[in-house]
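Colleague: I've just opened this one and I'd like to learn how to read it. Could you walk me through some features, one at a time?

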Amino acid sequence: MNSVPSVPSVAKSIGERSTDNGERPLIPYGRQLIEEDDIAAVVEVLRSDWLTTGPKVAEFERAVADFVGAQHAVAVSSGTAALHCAMYAIGIGPGDEVILPPMTFAATANAVLFQGGVPVFVDVDPDTLLLDPNQVEAKITRGTKAIVAVDYAGHPCDYDALRDIAQRHGLFLVADACHALGAEYKGREVGTLADLTVFSFHPVKHITTGEGGMITTDDPELARRLRLFRNHGITTDHRQREEQGSWCYEMVELGYNYRITDFQCALGVSQLNKLPKWLARRQEIARIYDEAFAGFPYVMPLSVSNDVLHAYHLYVVRIMDKEPSKKRESVFKHLREKGIGANVHYPPVHLHPFYRKRFNTGAGLCPVAEQAYDHILSLPMFPKLKSHEQEYVIKTIKEIWS
Ligand SMILES: *Cc1c(COP(=O)(O)O)cnc(C)c1O
């Protein structure tokens, strides 16, 4: 497998300011947008009494729950922590099998392992690179406990089909919607379509808290378990004890410290206010790319179903040319040289050395994802991308074939 982008290299590409030779500023594939009112919101909390687990955590949870139309939201320290909390809440334990697609960030599968479970990779649809519902049932065994749907690039999965399978087999359905905050499926909001829905607030995602994550659910019992796991398995948090004037607490389960701070949540609340505007801008950028590459056979955007609202965390194209100098790898290098920080999402998880070694996975397990991986490229997509920058990206790509 070719160079696997590690987490540090992803982080670097976000803050990166120049090309390798330092000539011109690099246009990254994604970037946060922090404005003065965001900064003021954080500073206000820094001057207050609560730095962690205070009123801003509850306010951010309420705001996200309302935004997606869910009953409950539980904020945690990262999207990865949110996935781990989700696996705990639905009771994943040693040997339990969890079905998930390989076309995702490693954390989706890692969270299953954190609880001793076994990730079972099911291939994706060739047009959307989303978990293919038609291939799920063949992988269900007596040990299967859950399906994790990944809304790759911001396109919601086929939730009607997945929910139907989950119901018939008595499985939990979890949505890894780290790419899909604000997306809709058949007029219903992502965040309400699965038993649990996980979001990330890493700086490349739709809104950021620096690091942060959230789980939404309509099930009060699952919400209770998420809160327990976030705070060492202790039944009350410090703020609740303060309010009750009590020192007594009980640890009833083994949990973690997955709490998020109040100043991060102040940033989250401030950012969430801008989300509708930013989603519209992402959709506009996508439309301009769509038009630019329509009828251009070498650069093929992924398909979009007509019954979804795509949140466009990523804009992914497939580079389709057999000539070595015009394959994805060469196109990627060429764009980097021209100051365009295109990226590849993702090396299929089952091909990572860790998974090969631990589960004996490898090439041939998910041929659609493996084949797609040789062709995909994520183009710059973030609200602050300037029109002339996008034009430059399009022109630079098309020039390769002129
Ligand atoms: C970003 C992301 C995660 C992990 O989120 P962090 O906040 O970085 O821990 C998990 N799954 C997917 C699909 C992601 O894109």
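**Reading the helices and a few buried residues**

Modeller: Let's begin with helix H10, where 10 of the 11 residues are buried, so the helix is largely enclosed by the rest of the structure. Keep in mind as we go that this is a predicted model.

Colleague: Which residues of H10 are the buried ones?

Modeller: They are Asp-262, Gln-264, Cys-265, Ala-266, Leu-267, Gly-268, Val-269, Ser-270, Gln-271 and Leu-272. Once you have such a list, look for what covers it. For H10, the buried residues pack against helix H2 (36–46), H3 and helix H11 (275–293).

Colleague: How do I read the way two helices pack, say H3 and H10? What is the angle there?

Modeller: Start with the angle between the axes, then the distance. Helix H3 (residues 55–68) and helix H10 (residues 262–272) pack at about 30°, and their axes are 8 Å apart. An angle under 35 degrees counts as roughly parallel, and H3 and H10 are therefore roughly parallel to each other. Their crossing is left-handed.

Colleague: Which residues of H3 and H10 meet?

Modeller: On the H3 side you'll find Pro-55, Lys-56, Val-57, Glu-59, Phe-60, Ala-63, Val-64 and Phe-67; facing them in H10 are Asp-262, Cys-265, Ala-266, Gly-268, Val-269 and Leu-272. Sorted by class, this contact of H3 with H10 has 10 nonpolar, one polar and three charged residues.

Colleague: Why do the numbers in a list like that tend to skip along?

Modeller: An α-helix has 3.6 residues a turn, so residues three or four places apart point the same way. In H3, Phe-60, Ala-63, Val-64 and Phe-67 are among the residues that meet H10.

Colleague: And H2 with H10: are they roughly parallel or antiparallel?

Modeller: Here the angle is about 150°, with the axes 8 Å apart. H2 and H10 are therefore roughly antiparallel to each other, and their crossing is right-handed. Asp-37, Asp-38, Ala-41, Val-42, Val-45 and Leu-46 in H2 meet Asp-262, Phe-263, Ala-266, Leu-267, Ser-270 and Gln-271 in H10. The classes in the contact of H2 with H10 are seven nonpolar, two polar and three charged.

Colleague: What about a pair without H10, such as H4 and H5? How do they lie?

Modeller: Helix H4 (79–89) and helix H5 (residues 107–114) pack at about 45°, with axes 8 Å apart. H4 and H5 are therefore oblique to each other, and H4 passes H5 in a right-handed crossing. Thr-80, Leu-83, His-84 and Met-87 of H4 make the contact with Ala-107, Thr-108, Ala-111, Val-112 and Phe-114 of H5. By class that gives six nonpolar, three polar and no charged residues for H4 with H5.

Colleague: What should I look at around the ends of a helix? Say, at the start of H8?

Modeller: Check side chains that reach back to the backbone. At the start of H8, a side-chain oxygen of Asp-219 comes to within 2.8 Å of the backbone nitrogen of Glu-221. Just after H8, look at the backbone angles: His-232 takes a positive phi of about 65°.

Colleague: Which residues of H8 are buried?

Modeller: In helix H8 (residues 220–230) they are Leu-222, Ala-223, Arg-225, Leu-226, Leu-228, Phe-229 and Arg-230. They pack against H3, H4 and several strands, including E2 (72–76) and E10 (213–217).

Colleague: Now single residues. Is Ala-70 buried or exposed?

Modeller: Find its place, then its accessible area. Ala-70 sits in the loop between H3 and strand E2, and it is buried, with a relative accessible area of 6%. Leaving aside neighbours within four places in sequence, Ala-70 contacts Arg-62, Ala-65, Gly-191, Thr-192, Thr-216, Thr-217 and Asp-218.

Colleague: And where is Ala-177?

Modeller: Ala-177 is in the loop between E6 and strand E7 (184–185). It is buried too, with a relative accessible area of 0%. Not counting residues up to four places away, Ala-177 touches Asp-151, Val-190, Thr-197, Val-198 and Phe-199.

Colleague: One last case: what do the side chains of Ser-378 and His-345 do?

Modeller: A polar contact of 2.7 Å joins them. Ser-378 lies in strand E15 (residues 376–379) and counts as buried at 1% relative accessibility.

Notes. Residues are numbered from 1 along each chain as its sequence is written. This is a predicted model: local features need pLDDT of at least 70, side-chain atom pairs count only at pLDDT 80 or more; totals for chains, interfaces and linings use all residues. Side-chain values use heavy atoms; hydrogens and water are left out. Axes are lines fitted to C-alpha atoms, for helices over the stretch in contact, and angles run from 0 to 180 degrees between N-to-C directions. Helices (H or I, at least four residues) and strands (E, at least two) are DSSP runs, numbered from the N terminus. Angles under 35 degrees count as roughly parallel, over 145 as roughly antiparallel, 65 to 115 as roughly perpendicular and the rest as oblique. A crossing is left-handed if the near helix is turned anticlockwise from the far one by less than a right angle, and right-handed if clockwise. Contact means heavy atoms within 4.5 Å. Ala, Val, Leu, Ile, Met, Phe, Trp, Tyr, Cys and Pro count as nonpolar, Asp, Glu, Lys and Arg as charged, and the others, Gly among them, as polar. Buried means under 20% relative accessible area, exposed over 50%, partly exposed in between (1.4 Å probe, protein chains only). A polar contact is a pair of N or O atoms within 3.5 Å; within protein, one must be able to donate a hydrogen and the other to accept it, and residues adjacent in sequence count only if both atoms are side-chain atoms.
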